[in-house]
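I opened a fresh page for a structure that is new to me. I wanted to go from the whole chain down to single residues, and to write down what I looked up along the way.

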Amino acid sequence: MPQPTEASSINQATGAAAVSHPRIIIAAMLISTFMAAVEVTVISTAMPTIVAKLGGFRLFSWTFGIYLLTQAVMTPLYGRLADSFGRRAVYLGSTALFLVGSLLCGCAWSMVSLIVFRAIQGIGGGGLAPMATTIIGDICKPTDRARIMGYVSGIWGIAAIVGPLLGAFFVHTLGWPFVFWVNLPIGVVTMAMVARYLHESHHNKTHTPIDLPGCALLIAGLGIMMAALVDFDRLGTPRLAGLLAIAAVALAGFGLRERQLRHPLLPLHLLRRPLLLAAFASALLGGGLLIGMTAFLPTWVQGVAGGGALDAGINLGIMTVAWTITSMTLGRAIGRLGNRPMALGAAVALLVGTVALVMVASGHSLLWVDIVSIPIGAGMGLTSIVFTLAVQSGVAHTDRGRATALFFFCRLMGQALGAAAFGGVLNAGLTHAGVHDVLRDLVNPHIRATMSPGDLQRLTGLLSDALHGVFVLGVILSVGVMIVAVLVPRGRRDTSTHAQVVSEPSGAH
């Protein structure tokens, strides 16, 4: 790690922070980034076991979706709050709220209570990664900043690989609550480090207005849409259409309000540029596909194939390693080949992987599912880095931060809506089959061992058929990514602003 000096490493131009031990603060921010990055992946392999303990399989997708929704909406708000009240106070507040949510999640007694506590966790979690990045930018010299950000990208990669395996470890040893409680000592340590060593001046704080009514419209629109997607099979056409209409009105109201504000929550004017529009559309589709694989492949591994949490962790680890290697090895080629060919190559990999998944998953072969996870991970990694770089090089320096924030916001929204859509398809399949909490029995090794061969084959077949619809939806999203890639404007990206970026795999927010 770079060795900043005690005083000269502080950003004197802004006077944003006074740090007695900058290396300690940088270490705290890297730890905080790891905590944020590992949160989604660490529970992926544990969720089938949690469902087996708490029940409520129909609400399974909400445990992912509500966290992602609240996190995404809160992320841009924390930037405004940090400008108004200072980095230190906002970081400590968001981390404390995240830890309270983590503590409560481990104490959940039902799926409904877990969903409520995940919402609290997401409200706090929305500030972890952006505040860590902001604080690093404040205290590091410009010459050190790029190298530190390289460490941040590496943290996302490590967390994405370690998270699923860590979740499997806790499930097998200490119990599923520790999937959430592991955050507590880590978060307390980072809070103590920041409280002790990070101090700010008061004259540089700016009070930018925060659009709370706009936030309410955004949460209402997206939340109602997610509710409609999760339960579309039980709502009936009139009620489904009514909910979707209400969601559309709320989101349209949010868009109109954003256009009238001097300080909008999101820079929606950037949607007018073709390349950026393609990038944001790809982020939505890719985010949906990402959550579909990371949340529901472990369900197939443990419920259908009969594997354990460790097998699910290995499967997601393979996908993530493919993501990371592809990003690191092919990222440099984008400048030579251009955005469109690389985006098309990524879309082909995704389509090949998801089609193969639909074909091999019906045969209950865990090995083949591990193999087809490789092109899926490679395609998601390449798609992400292509459009991340396209966004950063496709706007002026003054718009780069807001454009990048909107890109990651779109990916989080894709994940939230994708969790609801994939969950709705799975619920519809199980409702049609006449079973609901089938996963509770199939992931419990003791109950599974007492089943007769005929009952075991019947139940795994029903769950496999329901998950088949989930994987088909993955193919549809891959086709959408392909269409977006075809529509990417021709021409190479501007290499004058080239900076190597390793796009954060899996849990990146």
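These entries begin with the chain as a whole and then turn to its helices and some of its residues.

**Entry 1, the whole chain.** I noted before anything else that this is a predicted model. I then looked up the secondary structure, and found 21 helices and two strands in the chain. The chain has 509 residues, and buried residues make up 56% of them. For the surface I wrote down about 19600 Å² of exposed area, of which carbon and sulfur atoms supply 69%. I also looked up how contacts are spread along the sequence: among those with a separation of 6 or more, residues 24 or more positions apart account for 83%.

**Entry 2, the core.** I asked myself which residues have the most contacts inside the largest nonpolar core. The core has 142 residues, and the ones with the most contacts inside it are M29, F64, L357, F387, L426 and F471. I followed F471 further and, leaving aside its neighbours within four places in sequence, found it in contact with M293, L297, W300, L357, V358 and A361. As background I added that in soluble globular proteins, nonpolar side chains tend to be buried together.

**Entry 3, S373.** I located S373 in helix α17, which covers residues 366-393. Is S373 buried or exposed? Its relative accessible area is 1%, under the 20% cut-off, so I recorded S373 as buried. Apart from neighbours within four places in sequence, S373 is in contact with L297, N315 and M319.

**Entry 4, from α3 to α4.** I found L81 in helix α3, residues 62-85, and with a relative accessible area of 23% L81 is partly exposed. Not counting residues up to four places away in sequence, L81 touches G86, V90 and I210. I checked the pair L81 and I210 more closely, and the two are 129 residues apart in sequence but 8.0 Å apart in space, C-alpha to C-alpha. G86 is placed in the loop between α3 and α4 and is buried, with a relative accessible area of 2%. Between G86 and H199 I noted 113 residues in sequence and 9.4 Å in space, again C-alpha to C-alpha.

**Entry 5, three helices.** I compared the span of helix α4, residues 87-106, with what its 20 residues should give at 1.5 Å a residue: 28 Å is expected and its end C-alpha atoms are 29 Å apart, which agrees. The buried residues of α4 include R87, V90, Y91, F98 and C105. Helix α10, residues 212-230, reaches 27 Å from its first C-alpha to its last, close to the 27 Å expected for its 19 residues. Among the buried residues of α10 I listed C215, L218, L222 and M226. For helix α12, residues 237-260, the 24 residues should span 34 Å, and the end C-alpha atoms are 35 Å apart, which agrees. The buried residues of α12 are A247, A250, F254, G255 and E258, and what covers them includes α10.

**Entry 6, a surface patch.** I looked last at V479, I483, V486 and L487, which form a nonpolar patch on the surface with about 350 Å² of accessible area together. V486 lies in helix α21, residues 453-487, and at 40% relative accessibility V486 counts as partly exposed, because that value falls between the 20% limit for buried and the 50% limit for exposed.

Conventions
Residues are numbered from 1 along each chain as its sequence is written. This is a predicted model: local features need pLDDT of at least 70, side-chain atom pairs count only at pLDDT 80 or more; totals for chains, interfaces and linings use all residues. Side-chain values use heavy atoms; hydrogens and water are left out. Patches are made of residues with over 30% relative accessible area and no salt bridge: like charges are joined within 9 Å, nonpolar side chains (Val, Leu, Ile, Met, Phe, Trp, Tyr) within 5 Å. Accessible areas come from the Shrake-Rupley method with a 1.4 Å probe; for residues, only the protein chains shown count as cover. A salt bridge is a side-chain nitrogen of Lys or Arg within 4 Å of a carboxyl oxygen of Asp or Glu. Buried means under 20% relative accessible area, exposed over 50%, partly exposed in between (1.4 Å probe, protein chains only). A nonpolar core is a set of buried Ala, Val, Leu, Ile, Met, Phe, Trp, Tyr and Cys residues joined through side-chain atoms within 4.5 Å. Contact means heavy atoms within 4.5 Å. The expected span of a helix is 1.5 Å times one less than its number of residues.
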